[in-house]
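Thank you all for coming. Please take a moment with the sequence and the structure before I begin to walk through them.

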Amino acid sequence: MPLNMKAIQIILPSMLRRTIKAYALKAEIRELGGELTRIGRSRNWQLKATREQLDVISLAIDAHNEPSWYWVAKKLRAHVTYTTFDSLLHVAKKTPGITVNELMSKTDCTIAQARKVIDELEFM
């Protein structure tokens, strides 16, 4: 994990019991750069990753089309906040042709913020 990136810690309660093919989910998360560890002897797991890694992991979970994994992606998205114009612009640049509605759903930003970012992208 790069030194200038702040790691976000997320607790995943009863992850193995709530997911089908949990071994594949754990492998996917670790492959994409997340640090996944079990909390003591409990059923709970902890994920440490940067905001960008959380984005990549949640997109990968969606791509697998495994319904039992969707709660993990939802939990990851809840911890990622896009409050600055630059962070919203970064997300929009990664997805060419993104619409205002798509940007709002991905980042949970306001319609005014999304329009401002899309306008900036169109003039670049």
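Before I describe how two helices pack, I should say that the axes I refer to are lines fitted to C-alpha atoms, for helices over the stretch in contact, and that the angles run from 0 to 180 degrees between N-to-C directions. Please also keep in mind that this is a predicted model.

With that in place, let me start with helix H5, residues 85-94, and helix H6, residues 100-107, which pack at an angle of about 120 degrees, with their axes 11 Å apart. Angles of 65 to 115 degrees would count as roughly perpendicular and those over 145 as roughly antiparallel, and H5 and H6 are therefore oblique to each other. Their crossing is right-handed. On the H5 side the contact is made by Leu88, Val91 and Ala92, which meet Leu103, Lys106 and Thr107 in H6, and the residues of this contact divide into four nonpolar, one polar and one charged.

Let me step back to the chain as a whole, which has seven helices and three strands, and whose elements run, from the N terminus on, β-α-α-β-β-α-α-α-α-α. The C-alpha trace spans about 50 × 35 × 20 Å along its principal axes, and of the 124 residues, 35% count as buried. If we take the contacts with a separation of 6 or more, residues 24 or more positions apart account for 57% of them.

Which residues have the most contacts inside the largest nonpolar core? They are Leu12, Ile61 and Leu76, in a core that has 18 residues. At least two residues of this core come from each of strand E1 (8-12), helix H2 (22-31), strand E3 (45-49), helix H3 (51-64) and helix H4 (70-79), and H4 gives the most, with four residues. Turning to isoleucine 61 itself, and leaving aside residues up to four places away in sequence, we find that Ile61 touches Leu25, Trp69, Tyr70, Val72, Ala73 and Leu76. There is also a second, separate core of 10 residues, which includes Leu89, Val91, Cys109 and Ala114.

Finally, I would like to look at isoleucine 8, which has its place in strand E1. With residues up to four places away in sequence again not counted, Ile8 touches Leu47, Lys48, Ala49, Arg51, Leu54 and His79. As for tryptophan 69, which is 61 residues apart from isoleucine 8 along the chain, the C-alpha atoms of these two residues are separated by 19 Å.

Definitions and conventions:
Residues numbered from 1 in each chain as written. Predicted model: local features only at pLDDT ≥ 70, side-chain atom pairs only at ≥ 80, totals over all residues. Heavy atoms only, no water. Parallel < 35°, antiparallel > 145°, perpendicular 65-115°, else oblique. Left-handed = near helix turned anticlockwise from the far one by under 90°. Contact = heavy atoms within 4.5 Å. Nonpolar A, V, L, I, M, F, W, Y, C, P; charged D, E, K, R; others polar. Core = buried A, V, L, I, M, F, W, Y, C linked by side-chain atoms within 4.5 Å. Buried < 20%, exposed > 50% of the residue type's maximum accessible area, 1.4 Å probe, protein only.
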